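Student: I am new to this structure. Please take one part of it and walk me through that part closely.

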Amino acid sequence: MEILLLVIAVIAIILYFLYVALIKRRNTAREALSSIDVQLRKRHDLVPNVVTLAQKFMTHERELLEGITQARNLAQSSYSRDDPAAVAEHLGAEAKLQSGLMHLFAVAENYPELRSAETIQNAQQTVNEVEGHIAAARRFYNSAVTDLNNAVEIWPSSVIAGMVGVKQMPFFEIEDEAVREPVNVADYMK
Amino acid sequence: MTSIITEDRPALAGFNAYYQTEIAPRVNAVKNNRWRILSSTRNRILAAILPITALGGALYVVHPAAGVAVLICGAIAASMFMARQRSATAHDDLKEFVQEKLSAFFDLTFDREGTYYDFVAYRHTGLVPNYDRLRVIDGLTGTRNGVHFALHELHLEARKSFRNAGGFALIDRNTQWLTVFRGTAIVIEFPKPFSGTTVVRRDKSAAGNAVEALTLPWERVRLEDPEFERHFEVYGSDQIESRYLLTPAFMERLLAMHQNLHMSFQAAFIHNEFICSVNDLKTRFAVRAWSAEAIEDQIAGIAREICFLFDMIDALQMKQPVHG
């Protein structure tokens, strides 16, 4: 009887530690997601300035500029951080916004006046900085999500995850091949 | 014209010609003066031995054994002291001259006092072990392609004291100084501002890393490059900033440096500077020989070390944007 109690106590302790590790990982992933949002907000703040500036010169690219503005609005909308599907949708919207921005800079190559404007050169530097921080935040988030997803998928913590409702979270991936390239706006503005 | 080094790098272009016109005459003078210095040293030793002999003789009358002992020990001590002093002075003069000339060639400043940096950050980040005594052997400051840097050769020692039966530390006669670091400390300005601390330390196996993680005030930063992770452990005060600084490209550069330096390399980002330490027991900027050939070899060695430093700064590409 005593041995049985001892075995149960040991199992309970192990389960408790697995639970703690799981919750810690989920919280780290949430923290990383918040960090990404902080960095993404910087990008959102930059978009209106870049678009306003571009509108002065890129009169034939109205569709593209409107698309970027829409993508920004979509990316800015609120979402539930506990819902993996909502998180995936939010990150997807951000990827689209980034893709749109990169497309804008690529097209700006055809507008020498825009490239030589002092304000756009300052904007380039800021965008580079912001994109660097976003990339770092994305690496932190993906690292945290890898840890969490491993714990959710691998037995025995997968059992506990199922019991307490901890789910896998989506990675922040860049789908667009152009966006996979290192971001250097200066290259587009030479 | 004899060449002392292969000019296989842009920084070395024209070095042999410069050596022949600016440095070689002094090196040859040292070689020619060698006998003069030795003869002067001998005269000084003889002058020092005379009073010792007188003292030893006087003592011999009273106590023969003590007189002989004073004579022998005194003669040996005086000889060693005089020879060492004369040779050290000659070598220091030459070293200073060579450093001055090399500085002019490479457009650098040799700083023998080591006043550029206070080394507190090195201890704080654990790039050097705890020490009680610090000696800057040589310092070198300069700019490479617009990047300011400083390099110092350090000799760090820790006090090893013995305890008496009552448990009190004896730090006078019984204190020993143990070398805990002998190598190079390099400070390179970093082009991007940052506010936290990121430390790149050598991997110490699973158990060692676990113990280290408990003692450090920073969080472990797990990076995605498995090769980098195999050689280094990264700790940082801000997970995102650490990743912002340690981009995949920068990790590759650090890894390449680590492979060149054979496991003795550690680095940190702190106070808007990139600092690194190389604990390889090497003395990089010494000129200490009597023959012209040996001195030439040492000068060529210093020139190569300076080129290595340049290569390192170029490899880190500090002036390039962190992202881009």
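Tutor: What follows is a close look at the sheet of chain B, then at the side of chain B that touches chain A. Keep in mind that this is a predicted model.

Start with the whole sheet. It is an open sheet of nine strands in chain B, with antiparallel pairing. The order is S1-S2-S3-S6-S11-S10-S7-S9-S8. At the edges lie strand S1 (108–110) and strand S8 (219–221) of chain B, and each pairs on one side only. From one strand to the next, the twist averages 20°.

Now go to strand S6 of chain B, residues 176–189. In the strand order, S6 stands between S3 and S11. With strand S3 (residues 147–160) of chain B, S6(B) pairs in the antiparallel sense over 12 bridges. Two residue pairs let you trace this pairing. Leu156(B) has Phe181(B) as its bridge partner. Ala150(B) has Val187(B). Then look at strand S11 (residues 273–278) of chain B. S6(B) and S11(B) are antiparallel too, over six bridges. Here Ile186(B) is the residue to find: its bridge partner in S11(B) is Cys276(B).

Next come the helices on the sheet. Helix H4 (residues 205–215) of chain B packs on the sheet and touches strand S7 (198–202) and strand S9 (232–236) of chain B. The direction of H4(B) makes about 15° with that of S9(B). Helix H7 (residues 248–260) of chain B lies across S7, S9, strand S10 (265–270) and S11 of chain B. H7(B) runs at about 145° to S10(B).

H7(B) also leads to the other chain. Fourteen residues of chain B are in contact with 14 residues of chain A. Between them, the two chains bury about 1,300 Å², 54% of it on carbon and sulfur atoms. In chain B, the most area is lost by Ile240(B), Arg243(B) and Tyr244(B), together 46% of what that side buries.

Polar links cross this interface as well. The rule finds two salt bridges between chain B and chain A. One joins the side chains of Arg222(B) and Asp147(A), at 2.5 Å from N to O. There are also five residue pairs in polar contact across the interface. On the side of chain B that touches chain A, helix H6 (239–245) and H7 of chain B each supply at least two residues. H6(B) gives the most, with four residues. By type, the residues on that side of chain B are six nonpolar, four polar and four charged.

How values were computed
Residues are numbered from 1 along each chain as its sequence is written. Chains are lettered from A and ligands numbered from 1 in the order in which they are written. This is a predicted model: local features need pLDDT of at least 70, side-chain atom pairs count only at pLDDT 80 or more; totals for chains, interfaces and linings use all residues. Side-chain values use heavy atoms; hydrogens and water are left out. Two strands pair if DSSP finds at least two bridges between them. Axes are lines fitted to C-alpha atoms, for helices over the stretch in contact, and angles run from 0 to 180 degrees between N-to-C directions. Contact means heavy atoms within 4.5 Å. Buried area is the accessible area (1.4 Å probe) that two parts lose on being put together, summed over both. A salt bridge is a side-chain nitrogen of Lys or Arg within 4 Å of a carboxyl oxygen of Asp or Glu. A polar contact is a pair of N or O atoms within 3.5 Å; within protein, one must be able to donate a hydrogen and the other to accept it, and residues adjacent in sequence count only if both atoms are side-chain atoms. Ala, Val, Leu, Ile, Met, Phe, Trp, Tyr, Cys and Pro count as nonpolar, Asp, Glu, Lys and Arg as charged, and the others, Gly among them, as polar.
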